[in-house]
Amino acid sequence: MTRLTRKEQLARTRERLLDATMECLVVHGYAGTTTQRIQDLAGVSRGALLHHFGSKSELLVAAIHHIAGIRLETFTREVADLDDSPAALRRMVEAIREIMAGPPFQAALELWAASRTDEQLREALLPAERRLGAALRELFARHSGIADPAAASLAFESLMALVRGLELTRNMRADSAVADRVIDDWFQHVEALRS
């Protein structure tokens, strides 16, 4: 087994802290996310946590970018070989649905809700979410098959609202197939816009 360099050890500890922050946000919510819980989840000392992040705010700002990065990386991987076939739009929508579900998105939701009343958090959150949104929007425009830019923009925004809303309400829905039917209905409406 190869020994890690000091730089690699530091990077690994930082990654563990950011992953633990995401997990803590999902399990305990924003209000229950404490540096002690994060430290315990990451399995690091207080000194190690403070070496990387001088405050909880600094840690949460880094977590925002970490979470957005995970979501963007997942999306990029899922659509890496996207072509111009008729199935491209459906594959892209499925990739969007994937990044709007699961722990990274649930952690992001906690941060979104907290940012409503926390200006510092909001200022950190906006660039990360805009970067992710721009990547999604650009790919959607390229592969949607909708020639009219205004119609493509509206189709994209309605998709994002649907997917986010479906994930927000997922645990309150008895019939999990409802989400698929809602997305199929969206596809029917968008099909009329495609050239």
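Read along the sequence, this protein runs α-α-α-α-α-α-α-α-α. That comes to nine helices and zero strands. Helices here are DSSP runs of H or I with at least four residues, strands are runs of E with at least two, and both are numbered from the N terminus.

Before the details, two remarks on where the values come from. This is a predicted model, so to speak of local features we need pLDDT of at least 70, and side-chain atom pairs count only at pLDDT 80 or more, while totals for chains, interfaces and linings use all residues. Residues are numbered from 1 along each chain as its sequence is written, and side-chain values use heavy atoms, with hydrogens and water left out.

Overall dimensions next. Along the principal axes, the C-alpha atoms fill a box of roughly 60 × 40 × 30 Å. The protein exposes about 10,800 Å², and carbon and sulfur atoms supply 55% of that; the areas come from the Shrake-Rupley method with a 1.4 Å probe, and for residues only the protein chains shown count as cover. Of the 195 residues, 39% count as buried. Buried means under 20% relative accessible area, exposed means over 50%, and partly exposed is in between, again with a 1.4 Å probe and protein chains only. Contact means heavy atoms within 4.5 Å. Among contacts with a separation of 6 or more, 67% are between residues 24 or more positions apart.

Now the helix pairs. Axes are lines fitted to C-alpha atoms, for helices over the stretch in contact, and angles run from 0 to 180 degrees between N-to-C directions. Under 35 degrees counts as roughly parallel, over 145 as roughly antiparallel, 65 to 115 as roughly perpendicular, and the rest as oblique.

I will start with α1, residues 6–28, and α6, residues 102–115: their axes come within 8 Å and cross at roughly 75°. That makes α1 roughly perpendicular to α6. On the α1 side, Met22, Leu25 and Val26 meet Pro103, Pro104, Gln106, Ala107, Glu110 and Leu111 of α6. These residues divide into seven nonpolar, one polar and one charged. For the classes, Ala, Val, Leu, Ile, Met, Phe, Trp, Tyr, Cys and Pro count as nonpolar, Asp, Glu, Lys and Arg as charged, and the others, Gly among them, as polar.

Two residues touch on this region. Ile70 sits in helix α4, residues 56–78, and is partly exposed, with a relative accessible area of 23%. Leaving out residues up to four places away in sequence, Ile70 touches Asp19, Met22 and Pro104. The C-alpha atoms of Ile70 and Pro104 are 7.2 Å apart, with their positions 34 residues apart along the chain. Thr33 lies in the loop between α1 and α2 (35–42). At 1% relative accessibility, Thr33 counts as buried. With neighbours within four places set aside, Thr33 is in contact with Cys24, Leu25, His28, Ile38 and Lys56.

Next, α4 and α5. Their axes come within 9 Å and cross at roughly 155°, which makes α4 roughly antiparallel to α5. The contact is made by Arg71, Thr74, Phe75 and Glu78 of α4 with Arg91, Met92, Ala95, Ile96, Glu98 and Ile99 of α5. The split here is five nonpolar, one polar and four charged.

Also in α5, residues 88–99, is Arg97. Is Arg97 buried or exposed? At 18% relative accessibility, Arg97 counts as buried. Beyond four places in sequence, Arg97 touches Val163, Ala179, Asp180 and Ile183.

The last pair is α7, residues 119–143, and α8, residues 149–168, with axes that come within 10 Å and cross at roughly 130°. That makes α7 oblique to α8. The α7 side of the contact is Gly133, Leu136, Arg137 and Phe140, and the α8 side is Ala152, Ala155, Phe156, Glu157, Leu159 and Met160. Seven of these residues are nonpolar, one is polar and two are charged.

I will finish with Trp186, in helix α9, residues 177–191. Its relative accessibility is 5%, so Trp186 counts as buried. Which residues does Trp186 touch, not counting those up to four places away in sequence? They are Val93, Phe140, Ala155, Ser158, Leu159 and Leu162. Phe140 belongs to the α7 side of the contact just described, and Ala155 and Leu159 to the α8 side. By contrast, the C-alpha atoms of Trp186 and Leu111, 75 residues apart along the chain, are separated by 28 Å.
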